Amino acid sequence: MGHKRRSPHRAGNATQAGGLSVWEVYRSATLDDVSSARSRLHHYANGTDEPAPGAVEAADLLDAACDALGGGE
């Protein structure tokens, strides 16, 4: 019949994703994306006298998301 898929650990490929759980891989990737967007918004908001409506609030929300993901600075 069909072959069962094996986890990276059982397949002998635990170094794939550094031996991290699937959650940690997705959390890390999401944290990178949120941090990047947060950084761009902060750069924009700090570099202009009158940022677009909502830009500062969006940056604050991204700060909160980063904290919630465990990546607060």
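Helices here are DSSP runs of at least four residues, numbered from the N terminus, and by that count L62 sits in helix 2. The model on screen is a predicted one, and this tour starts from the whole chain before moving to each helix and then to the place where the two meet.

**The whole chain**

With the full chain displayed, look for 2 helices and 0 strands. If you colour by accessibility, 15% of the 73 residues of the chain count as buried. A contact map is also worth opening at this stage, since residues 24 or more positions apart account for 47% of the contacts in the chain with a separation of 6 or more.

**Helix 1**

Select residues 22-46, which make up helix 1. At 1.5 Å a residue its 25 residues should span 36 Å, and the end C-alpha atoms of helix 1 are indeed 36 Å apart, which agrees. Now show the side chains of R27, L31, V34, R38 and A45, the buried residues of this helix, and note that what covers them includes helix 2.

Two further residues of helix 1 can be set beside that buried group. A37 lies in this helix, and because its relative accessibility is 21%, A37 counts as partly exposed. H43 has its place in helix 1 as well, but at 65% relative accessibility H43 counts as exposed.

**Helix 2**

Move on to residues 55-68, the 14 residues of helix 2, which reaches 20 Å from its first C-alpha to its last, close to the 20 Å expected at 1.5 Å a residue. Which residues of helix 2 are buried? They are A55, A59, L62 and C66. Turn the view until you look down the axis of helix 2, and these buried residues fall within an arc of 60°, so they line one face of the helix. As background to that view, an α-helix has 3.6 residues a turn, so residues three or four places apart point the same way.

Covering the buried residues of helix 2 is, among other things, helix 1. Rotate to the other side of helix 2 and you will find L61 and A68, which are exposed. A64 also has its place in helix 2, and since its relative accessibility is 43%, A64 counts as partly exposed. Before leaving this helix, step past its end to G70, which follows helix 2 and has a positive phi, near 85°.

**Where the helices pack**

Display both helices together. Two packed helices are described by the angle between their axes and the distance between the axes. For helix 1 and helix 2 the angle is about 150°, and their axes are 9 Å apart. Because angles over 145 degrees count as roughly antiparallel, helix 1 and helix 2 are roughly antiparallel to each other. Helix 1 passes helix 2 in a left-handed crossing.

To see the packing residue by residue, select L31, V34, S35, A37, R38, L41, H42, Y44 and A45 in helix 1, and opposite them A55, V56, A58, A59, L62, D63, A65 and C66 in helix 2, which they meet. Within this set, centre the view on L62, which touches V34, A37, R38 and L41 when residues up to four places away in sequence are not counted.

**Distances across the pair**

The last stop is a series of C-alpha to C-alpha distances that can be drawn in the viewer. Begin with L62 and S35, which are 27 residues apart in sequence and 7.6 Å apart in space. Next, draw the line from A37 to D63, where 26 residues along the chain correspond to a C-alpha separation of 9.9 Å. From H43 to A59, 16 residues apart along the chain, the C-alpha atoms are separated by 9.8 Å. Finish with A64 and V34, which lie 30 residues apart along the chain and whose C-alpha atoms are separated by 10.0 Å.

Notes
Residues are numbered from 1 along each chain as its sequence is written. This is a predicted model: local features need pLDDT of at least 70, side-chain atom pairs count only at pLDDT 80 or more; totals for chains, interfaces and linings use all residues. Side-chain values use heavy atoms; hydrogens and water are left out. The expected span of a helix is 1.5 Å times one less than its number of residues. Buried means under 20% relative accessible area, exposed over 50%, partly exposed in between (1.4 Å probe, protein chains only). The arc is that of the directions from the helix axis to the C-beta atoms. Contact means heavy atoms within 4.5 Å. Axes are lines fitted to C-alpha atoms, for helices over the stretch in contact, and angles run from 0 to 180 degrees between N-to-C directions. Angles under 35 degrees count as roughly parallel, over 145 as roughly antiparallel, 65 to 115 as roughly perpendicular and the rest as oblique. A crossing is left-handed if the near helix is turned anticlockwise from the far one by less than a right angle, and right-handed if clockwise.
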